[in-house]
Amino acid sequence: MDEATRQKIDREVQNHAVVLFMKGTPQAPRCGFSATVAGILDELVGDYQTVDVLSDSKIRDAIKEYSDWPTIPQLYIKGEFVGGCDLVREMYENGELHEALGLKPDAVELPKVVISTGADSALREALAEATSQEPDAGHHIRVEIGADFQHALSISDKKPRDVEVSVGALTLLFDPPSARRANGLSIDYVDGPDGPAFKLENPNEPPRVKSVSVQDLAAKLRENSQLELFDVRSQKERDQAQVAGSKLLDRPAQDYIMTLDKGTPLFFMCHHGQRSQQAAAFFLSHGFSNVYNVSGGIDAWSLEVDSNVPRY
Amino acid sequence: MTTALGGVGSSITTQIQDAIVQSLPGSEVQVTCGSPGHFAISVRWAEFANKNRLSCQRLVYKAIAHLMAGDRAPVHAVDRLETSV
């Protein structure tokens, strides 16, 4: 490391309370580990300095020697090296990072969670099994809710910053960000195509395009022939094969949809389900909350529902 | 192709393991290869006892520094590094 580079790093570290050496920028991170740390800092501190090591190869090499640490990202707080992605994440979870930044961990309101009778007994069964396998460890149900509202259930021991929610005799554990996303969560245990499974419904989840199978679509059409089902393919393709009751999504149809109540269920289909996904996303972004994409499109319909509809 | 990749991955796993045990004598090391170049490492070593996590991880990284150096390093990233006593 040459002296000029060392001084440059010194200045960054000494002149800023929080400095992240990362690949890319917080807006456009170029590596998942850098993105994770930047995401944590975005949540905790509004303003922090970043240095993109990819735009300066001297710093990229020198910082490893400077910190005696072989990987990027690297976080400095008040002139002290804190660590890389792993350590930062761990410190974030146990509250040490808040402390280092001079923040108080935010108080998290206890989320209200409803567990159905079926889910309750399935969860107890899972706990009993875990306890019989590992009697010494603590066993609780952990619920994780990611920023993208992917949910995960697991059995785990308590961690220091966990938010504990008692529902009946069960204790649920949430890490603080998950707890903030959990109010109103319901956990059910239902039969699915691969046997019974947990079903989590979260009212905080922003609406997304739901997927519907051709069989379910057929059932819905039998119940309601006036279903708002739109075909995003061309008229030429529709002449070859179409589902009775579907409408061509042309300009007048688009204008018609915009006049509908935003909660109206809308169904979109195409040849295989790709183009219709885009159309569905378009109407979702225009405020419709009940938007379905027909999975597999007309091709799946001919294969699974009505073989009189020709495949092409 | 798959077997070749697996073969390469496993020999790097062994190299990581050997390098750590050599630097930290008496340590118990577990290395798993996630995707090519990405590893999870767990090290149990009695002498970690009086050190903070940063120092423990530094010791492990120092042991494998030669495997992580350069643009074509066999070890691109350590996805998870656990140290315990």
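Two strands pair if DSSP finds at least two bridges between them. That criterion applies to the sheets and hairpins below, all taken from a predicted model.

**Figure 1. Hairpin of strands S3 and S4 in chain A.**
Strand S3 covers residues 74–77 of chain A, and strand S4 covers residues 80–83. The two run antiparallel and share 3 bridges. Leu75(A) has Gly83(A) of S4(A) as its bridge partner. The turn leaves 2 residues between the strands. Lys78(A), in that turn, has a positive phi of about 50°.

**Figure 2. The open sheet S7-S6-S9-S8 of chain A.**
This sheet has 4 strands, and its pairing is mixed. Strand S7 (151–156) and strand S8 (163–167) are the edge strands, each pairing on one side only. On average, neighbouring strands are turned by 30° against each other, direction ignored. Strand S6 (residues 140–145) and S7(A) run antiparallel, joined by 6 bridges. Within that pairing, Arg142(A) has Ser154(A) of S7(A) as its bridge partner.

**Figure 3. Hairpin of strands S8 and S9 in chain A.**
S8(A) and S9(A) are antiparallel and joined by 5 bridges. The bridge partner of Glu164(A) is Leu173(A), in S9(A). This hairpin has 2 residues between its strands. Gly168(A) takes a positive phi here, near 60°.

**Figure 4. The open sheet S5-S10-S11 of chain A.**
Here 3 strands form the sheet, again with mixed pairing. Strand S5 (113–115) and strand S11 (195–201) are at the edges; each pairs on one side only. The average turn between neighbouring strands is 25°, direction ignored. S5(A) and strand S10 (residues 185–192) pair in the parallel sense over 3 bridges. Ile115(A) stands opposite Ile187(A) of S10(A).

**Figure 5. Helix H6 of chain A and its strand contacts.**
Helix H6 spans residues 117–133 of chain A. H6(A) packs on the sheet of S5, S10 and S11, touching these three strands of chain A. The direction of H6(A) makes about 85° with that of S10(A). H6(A) also lies across S6, S7 and strand S9 (170–174) of chain A. Its angle to S7(A) is about 40°.

**Figure 6. Packing of helices H1 and H3 in chain A.**
Helix H1 (residues 3–15) packs against helix H3 (residues 57–67) at an angle of about 75°. Their axes are 10 Å apart. Angles of 65 to 115 degrees count as roughly perpendicular, so H1(A) is roughly perpendicular to H3(A). H1(A) contributes Thr5(A), Arg6(A), Lys8(A) and Ile9(A) to the contact. H3(A) contributes Lys58(A), Ile59(A), Ala62(A), Ile63(A) and Tyr66(A). By class, the contact has 5 nonpolar, 1 polar and 3 charged residues.

**Figure 7. Thr5(A) in helix H1.**
Is Thr5(A) buried, exposed or partly exposed? Thr5(A) has 17 C-beta neighbours inside 10 Å, so it counts as partly exposed. A buried residue would need 20 or more, and an exposed one 12 or fewer. Beyond its neighbours within four places in sequence, Thr5(A) is in contact with Lys58(A), Ile59(A) and Ala62(A). Thr5(A) and Ile63(A) are 58 residues apart in sequence, yet 9.0 Å apart in space, C-alpha to C-alpha.

**Figure 8. The nonpolar cores, with Ile41(B) in view.**
The largest nonpolar core has 45 residues. Which members touch the most others? They are Leu20(A), Phe21(A), Val37(A), Val88(A), Ile41(B) and Val60(B). Leaving aside its neighbours within four places in sequence, Ile41(B) is in contact with Ile16(B), Val31(B), Val60(B), Val78(B) and Leu81(B). A second, separate core has 22 residues, including Leu217(A), Leu229(A), Phe230(A) and Leu249(A).

**Figure 9. Chain B and its contact with chain A.**
Chain B holds 2 helices and 3 strands. Along the sequence, their pattern is α-β-β-α-β. Chain B has 85 residues, and 25% are buried. Among contacts in chain B with a separation of 6 or more, 56% link residues 24 or more positions apart. The contact between the chains takes 8 residues from chain A and 11 residues from chain B. By class, the chain A side has 4 nonpolar, 2 polar and 2 charged residues.

Definitions and conventions
Residues numbered from 1 in each chain as written. Chains lettered and ligands numbered in written order. Predicted model: local features only at pLDDT ≥ 70, side-chain atom pairs only at ≥ 80, totals over all residues. Contact = placed C-beta atoms within 7 Å. Nonpolar A, V, L, I, M, F, W, Y, C, P; charged D, E, K, R; others polar. Axes fitted to C-alpha atoms, helices over the stretch in contact; angles between N-to-C directions. Parallel < 35°, antiparallel > 145°, perpendicular 65-115°, else oblique. Core = buried A, V, L, I, M, F, W, Y, C linked by C-beta atoms within 7 Å.
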